[in-house]
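Biologist: Before we discuss anything in detail, could we please have the sequence and the model in front of us, so that each point can be checked against them?

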Amino acid sequence: MKKVYERNNIAFDMPSPYCPGCGHGVIHRLVIDAIKENRQEDNTIFMAPVGCSILSYTYLDLDVCQPAHGRTPAAATGIKRALPDSLVILYQGDGDLAAIGTAEIIHAANRGENITAIFVNNAIYGMTGGQMAPTTLVGQTATTCPYGRNPKDGQGYPIRVCELLQSLGGVTYAARTSVHSAPNVLKTKKAIQTGIENQMAKKGFSIIEILSACPVNWGMTPEKANQFVANEMIDYYPLGDFKKDGKIIQRSDH
Amino acid sequence: MAKKGKIEVRIEHCKGCGLCITACKQEAIALSPADVTNSYGYPYLTMINENCTGCTMCAIMCPDQAIDVYRE
Amino acid sequence: MGEKQLMKGNEAIAEAAIRAGMTCYFGYPITPQNEIPAYMAKHLPKRGGTFIQAESEIAAINMVYGAACTGARAMTSSSSPGISLKQEGISYLVGARLPAVIVNIARGGPGLGNIAPSQADYFQAVKGGGHGDYHMVVYTPETVQEAADLTMKAFDVADEYRNPVLILGDAILGQMMEPLIFKEPSGRKFDKSSWILGNRKGRKSHLINSLSLSEGVVEQWNWELKKKFDLMAGKETMVEEYMTEDADVIFVAYGTSARICRSVVNQARKQGIRTGLIRPITVWPFPSETIAGRAKKTKHFFVVEMSLGQMIEDVRLAVLGNATIHFHGRPGGGVPAEPDIMKQLKEILQS
Ligand SMILES: Cc1ncc(C[n+]2csc(CCOP(=O)(O)OP(=O)(O)O)c2C)c(N)n1
Ligand code: SF4
Ligand code: SF4
Ligand code: SF4
Ligand SMILES: [Mg+2]
């Protein structure tokens with residue numbers, strides 16, 4: 001029989017450094033597959049954020065830069081400006097991107113920095129043990145919204161990052177995908193490929209927002225957690241393209 | 001007739017999350033019994049019959065790159 | 001040798017940085033350092049570099065962090081409130097062992113303060129305004145010429161030690177025009193191939209970070225940093241002594257305050273008053289030995305600062321009770337006046 005699927009050796013020979021069933025592991029795999037398919041292993045600089053995926057450096061055999069919490073897009077900007085022909089993968093969680101680093105992501109996107117942003121939206125602060133994130137759903141509980149997130153109680157509304165960034169002139173591509181099921185993983189793979197092609201063609205800023213489970217801090221089994229993505233998250237965070245080739249895609253989701 | 005396939009599991013890399021099992025339409029895989037674990041204490045993935053078609057869906061869902069897939 | 005030019009301190013710093021091979025500048029507007037980003041915007045792209053007006057000082061220092069990861073010479077500048085915002089980034093630069101040059105053209109504080117010259121950021125500069133055990137070389141130029149010279153040197157020192165270097169000036173240094181001649185850059189080459197990111201063909205992957213959750217690793221890093229700080233303290237201290245040999249009173253002052261004190265020394269000498277000046281050119285490492293040496297003979301040390309008194313603590317530690325220490329300070333953007341200093345000097349001599 002022929003081998004039709006094998007592990008990607010950009011990752012060291014070890015399991016991912018994440019909890020069982022964590023979306024970060026799947027997304028890492030998709031990113032390194034795209035890097036490999038585009039033969040960019042020697043040319044990639046992976047920006048590891050402060051968040052669970054800070055541990056990516058233990059797993060990925062790539063040049064890795066790890067800046068301060070939320071400053072990832074600014075550091076990525078510095079790297080890309082100094083080395084314009086490198087492939088810069090900006091990998092961020094929702095706390096890193098949509099809370100502490102909101103200014104940095106908006107302005108990197110608005111300048112049209114020629115980088116590919118992978119935004120892992122797991123609606124929680126994973127690394128610090130399950131606090132409310134800017135993307136936590138209304139009603140969803142977390143250690144800092146133990147009664148469920150309530151915007152009427154001053155806790156704000158979940159931020160839709162793709163919708164927020166699509167209006168910025170520097171953004172060429174914005175898409176939201178999910179990794180809760182195999183067909184969605186395959187769509188995510190395509191979106192990441194588009195983001196990387198855009199960077200190689202010097203088209204500007206691409207962002208792929210990926211809905212991803214955090215079974216541990218959601219207090220669910222991995223299977224239940226993926227069902228939560230399918231049944232609750234997608235409802236509020238509709239999937240699909242929001243901007244392509246610099247053109248905003250009109251949608252009737254919300 | 002559907003193609004024949006098989007998978008190989010890197011037992012030490014498997015965390016027993018079960019996401020591959022949900023993805024397998026052929027019901028060809030299951031976890032080891034709870035008391036049969038790898039050295040990290042996780043039950044791990046095993047093939048339970050000959051139904052595998054080598055469709056790769058299980059491997060696509062695996063967060064830990066624990067599965068290689070073969071097909072005729 | 002180049003020819004004589006007339007330039008503002010801010011512009012001289014910017015030009016010196018470009019001549020030193022700095023290719024990545026990231027800044028954010030704040031008075032009184034605006035001439036630096038303006039100069040960079042006008043000249044740096046034409047000379048092969050990158051200029052970005054960042055969205056904040058926080059972003060700017062992190063762009064420096066990124067550019068430094070690739071081995072490029074990178075720089076940012078600001079004034080006091082903006083430098084406060086950069087403290088996180090400075091701590092990370094030290095932690096990740098990245099070279100960078102940061103310029104503080106300081107102004108009155110605390111808070112928004114004013115845009116007048118100040119030396120009240122001394123503690124922040126030399127005692128570590130960010131978190132963790134760290135130091136960086138801090139240069140305090142007195143003239144526009146020296147600002148240019150030290151800027152060039154700062155890039156070499158940053159690369160040599162893989163550590164950020166701070167140039168601490170104030171609104172007077174930044175705004176005043178003086179003639180200067182740009183020196184040739186040292187031309188020293190630093191091999192960064194063992195740690196920089198990008199273009200990795202044929203080598204193992206590199207990691208730039210400051211985190212380790214393994215037991216004892218961060219402690220070990222700190223011990224290695226200490227070795228580096230000790231080396232810097234031994235090799236990089238710079239100080240000028242002016243007429244201290246026979247002085248009855250020795251001023252200790254840096255930057256603009258030193259300029260004022262030098263003038264007071266000259267006037268006092270004309271009146272037969274034997275006084276001199278010790279001028280730290282680096283305030284970290286601090287020239288404690290020079291001061292301690294003089295304290296064996298000279299009974300009075302007179303510290304002048306544009307603050308409520310910050311460097312005076314380091315002078316006290318150097319003097320160690322061997323002489324009396326006097327102080328004249330003007331906080332919040334106030335500039336010490338020569339007659340006031342002269343008056344106090346005479347009181348000290350009569351006491
Ligand atoms: C300045 C600063 N503030 C707070 C923290 C603590 N911290 C570490 S990770 C994190 C949240 C990460 O959440 P997210 O970005 O969603 O990543 P995830 O772990 O969910 O993937 C926080 C608040 C920090 N490291 N630095
Ligand atoms: S805490 Fe959540 S996000 Fe972090 S590794 Fe575990 S499952 Fe993944
Ligand atoms: S390859 Fe397809 S059929 Fe075979 S075990 Fe995996 S999911 Fe099931
Ligand atoms: S998805 Fe991977 S880690 Fe999870 S049970 Fe299957 S093989 Fe094991
Ligand atoms: Mg998160």
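Biologist: Let us begin with a single proline: does C:Pro339 count as buried or exposed?

Modeller: This is a predicted model, in which local features need pLDDT of at least 70 and side-chain atom pairs count only at pLDDT 80 or more, while totals for chains, interfaces and linings use all residues. Residues are numbered from 1 along each chain as its sequence is written, chains are lettered from A and ligands numbered from 1 in the order in which they are written, and side-chain values use heavy atoms, with hydrogens and water left out. C:Pro339 lies in helix H13 (residues 338-350) of chain C, where helices are DSSP runs (H or I, at least four residues; strands are E, at least two) numbered from the N terminus. Buried means under 20% relative accessible area, exposed over 50% and partly exposed in between (1.4 Å probe, protein chains only), so C:Pro339, at 60% relative accessibility, counts as exposed.

Biologist: How far apart are the C-alpha atoms of C:Pro339 and C:Val264?

Modeller: Along the chain, C:Pro339 and C:Val264 are 75 residues apart. In space, however, the separation between the C-alpha atoms of C:Pro339 and C:Val264 is 8.3 Å.

Biologist: Is C:Met243, which has a positive phi, buried, exposed or partly exposed?

Modeller: C:Met243 is found in the loop between strand E10 (239-242) and strand E11 (249-252) of chain C, and although C:Met243 is not a glycine, its phi is about 55°. Because its relative accessibility is 35%, C:Met243 counts as partly exposed.

Biologist: What is the omega of the cis peptide bond between C:Trp284 and C:Pro285?

Modeller: C:Pro285 is found in the loop between strand E13 (282-284) and helix H11 (288-295) of chain C. The peptide bond that runs from C:Trp284 to C:Pro285 is cis, with omega near -5°.

Biologist: Which helix gives the largest share of the largest nonpolar core?

Modeller: A nonpolar core is a set of buried Ala, Val, Leu, Ile, Met, Phe, Trp, Tyr and Cys residues joined through side-chain atoms within 4.5 Å. The largest one has 123 residues, and A:Phe205, C:Met40, C:Tyr65 and C:Met75 have the most contacts inside it. Its largest share, 10 residues, comes from residues 144-161 of chain C, that is, from helix H7.

Biologist: Is the site of the magnesium ion (ligand 5) octahedral or irregular?

Modeller: Donors are N, O and S atoms within 2.8 Å of the metal (3.2 Å for Na, K and Ca), and water is not among the atoms, so sites may look incomplete. The magnesium ion (ligand 5) is coordinated at 2.1 to 2.8 Å by A:Asp94 (OD), A:Asn122 (OD1) and A:Ile124 (O). Four donors are tetrahedral if all angles lie between 85 and 135 degrees, while four are square planar and six octahedral if opposite donors are over 155 degrees apart and all others between 65 and 115, anything else being irregular. Among the 6 donor atoms of the magnesium ion (ligand 5) the angles are 48 to 172°, and the site is irregular.

Biologist: What is the relative accessibility of A:Ile124?

Modeller: A:Asn122 counts as buried because its relative accessibility is 8%. A:Ile124 also counts as buried, because its relative accessibility is 2%.
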